[in-house]
Amino acid sequence: MSLTASSPHVPLLQAPLAYRIGLALIRRRWRGSSLLFDRLVRPGLAQQVVRYRLSPSLHIDTPLFTDNLWDEELLLGYEQAFVDQMQSLLAVLPRPVRFVDCGASFGLFSLRMAQAEQPPDTWLAFEPNPHMFTLLQANLARFGERTRCLPRAVSDWHGRGALHSPAHDPSPDAMFLAPDSSGPIEVSTLDAELPAAAELAQGSVMLKIDVEGQELAVLRGARRVLEQARDLVVAFEAHPEVARRTGIDPMACLSHLQSIRPFEIRIAERPDLRPDPQQPLFDQLRPARICNIICRSTR
């Protein structure tokens with residue numbers, strides 16, 4: 001893929017016809033449609049970006065070069081239970097609310113938060129993949145000085161790194177960070193990037209983390225923020241394949257959070273389940289599947 005962070009591109013106002021036909025056949029579950037799409041359509045999508053509508057007044061420039069087969073229907077329904085619960089929390093958090101998006105990709109989740117009845121007051125978005133960062137900047141630019149987009153990764157260390165693809169998923173969204181002293185990616189911590197204690201104590205922080213195995217490291221690099229924010233929501237993705245690759249169970253994130261302050265914990269897709277931080281998550285969640293864990297501070 002030749003797209004770089006500085007490459008200008010004009011989004012299409014409609015997806016290519018072959019893409020739309022292929023997507024329709026896949027959704028109708030026509031036999032062999034996915035294989036034909038991968039062989040005949042996907043190779044031509046390497047730099048394709050389409051401008052879709054999230055609402056009459058809000059559009060999003062969307063990459064067609066990820067594994068997700070995006071259209072307006074999928075964009076509006078993607079992880080809907082997670083989106084709904086986070087939007088509901090925005091309505092009750094003390095103001096001002098600072099939304100921090102770690103692993104923001106092209107900005108879909110940040111824009112869905114902008115659609116809440118009471119959206120965040122400010123956004124801080126991190127995305128180390130240059131292909132996605134270009135789109136993230138474009139999609140959040142409409143909010144002007146309320147947003148800050150940074151082309152870097154967050155972890156519990158400072159330095160340089162590189163992105164690598166796991167064996168199970170070559171998609172840009174699945175790339176994970178590894179230290180590399182000569183790597184192209186700047187790495188920082190949330191404690192270094194967020195404001196001083198006095199400002200944090202005046203409002204709330206809503207932290208969304210989707211960083212392909214660096215979730216615990218992000219939290220370790222945010223101890224000051226976790227301690228000093230007046231009110232706090234921490235939400236992160238739990239992925240069984242990522243847990244197997246890293247050897248880090250998502251429950252380690254919960255144990256770390258609760259060592260700093262108490263949290264109420266829920267799984268967005270399984271509100272009936274109250275996970276035990278002392279037990280492996282995917283032993284409690286059957287069948288094992290990707291989910292989003294939402295933690296709300298209780299003091």
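What follows is a chat between a student and a tutor about this predicted model.

Student: Before we start, what kind of model is this?
Tutor: It's a predicted model, where local features need pLDDT of at least 70 and side-chain atom pairs count only at pLDDT 80 or more, while totals for chains, interfaces and linings use all residues. Residues are numbered from 1 along each chain as its sequence is written, and side-chain values use heavy atoms, with hydrogens and water left out.

Student: Cool. How many helices and strands are in the protein chain?
Tutor: You'll find 13 helices and 13 strands. Both are DSSP runs numbered from the N terminus: helices are H or I with at least four residues, strands are E with at least two.

Student: And how compact is the protein chain?
Tutor: Its radius of gyration is 19 Å, close to the 19 Å from the globule rule for 299 residues, so the chain is as compact as a globular protein of that length. That radius is taken over C-alpha atoms, and the rule is 2.2 Å times the number of residues to the power 0.38. Along the principal axes, the C-alpha atoms fill a box of roughly 55 × 45 × 45 Å.

Student: What share of the residues is buried?
Tutor: Buried residues make up 53% of the 299. Buried means under 20% relative accessible area, exposed means over 50%, and partly exposed is in between (1.4 Å probe, protein chains only).

Student: Let's look at strand β4. Which strand do four bridges join it to?
Tutor: That's β5, residues 147-150, which runs parallel to β4, residues 122-126. Two strands pair if DSSP finds at least two bridges between them. Leu124 stands opposite Arg148 in β5, and Phe126 stands opposite Leu150 in β5.

Student: How does the chain get from β4 to β5?
Tutor: It goes through helix α6, residues 130-140, in a right-handed β-α-β crossover. Right-handed means that, with the strands pointing away from the viewer, the path from the first strand over the helix to the second runs clockwise.

Student: What about β3, how many bridges join it to β4?
Tutor: Five bridges join β3, residues 97-102, to β4, and the two run parallel. One bridge there has Arg98 with Thr122 of β4 as its partner. The chain crosses from β3 to β4 through helix α5, residues 108-114, and this β-α-β crossover is right-handed.

Student: Is β4 mostly covered or mostly open?
Tutor: Mostly covered, with four of its five residues buried.

Student: Back to α6. Why is it called largely enclosed?
Tutor: Eight of the 11 residues of α6 are buried, so the rest of the structure largely encloses it. Among them are Phe133, Leu136 and Leu140. The buried residues of α6 pack against β1 (49-55), β2 (58-63), α5, β4 and β5. Packing here is about contact, meaning heavy atoms within 4.5 Å.

Student: New topic! How many aromatic pairs are in the whole structure?
Tutor: A search finds six. Rings of Phe, Tyr and Trp (its six-membered ring) pair if their centres lie within 6.5 Å; planes under 30 degrees apart count as stacked, over 60 as edge-to-face and the rest as tilted.

Student: Why does the pair of Trp123 and Phe143 count as stacked?
Tutor: Their ring centres are 4.7 Å apart and their planes sit at 15°, so the pair is stacked. Trp123 lies in β4 and Phe143 in the loop between α6 and β5, so the pair ties together parts that are 20 residues apart in sequence. Both Trp123 and Phe143 are buried.

Student: Which residues do ring pairs link into a cluster?
Tutor: Trp70, Tyr78 and Phe106.

Student: Last one: where is Asp180?
Tutor: Asp180 sits in the loop between β8 (176-179) and β9 (185-188). With a relative accessible area of 28%, Asp180 is partly exposed.

Student: What does Asp180 touch?
Tutor: Leaving out residues up to four places away in sequence, Asp180 touches Arg160, Gly161 and Ala162. The C-alpha atoms of Asp180 and Gly159 are separated by 8.2 Å, with their positions 21 residues apart along the chain.
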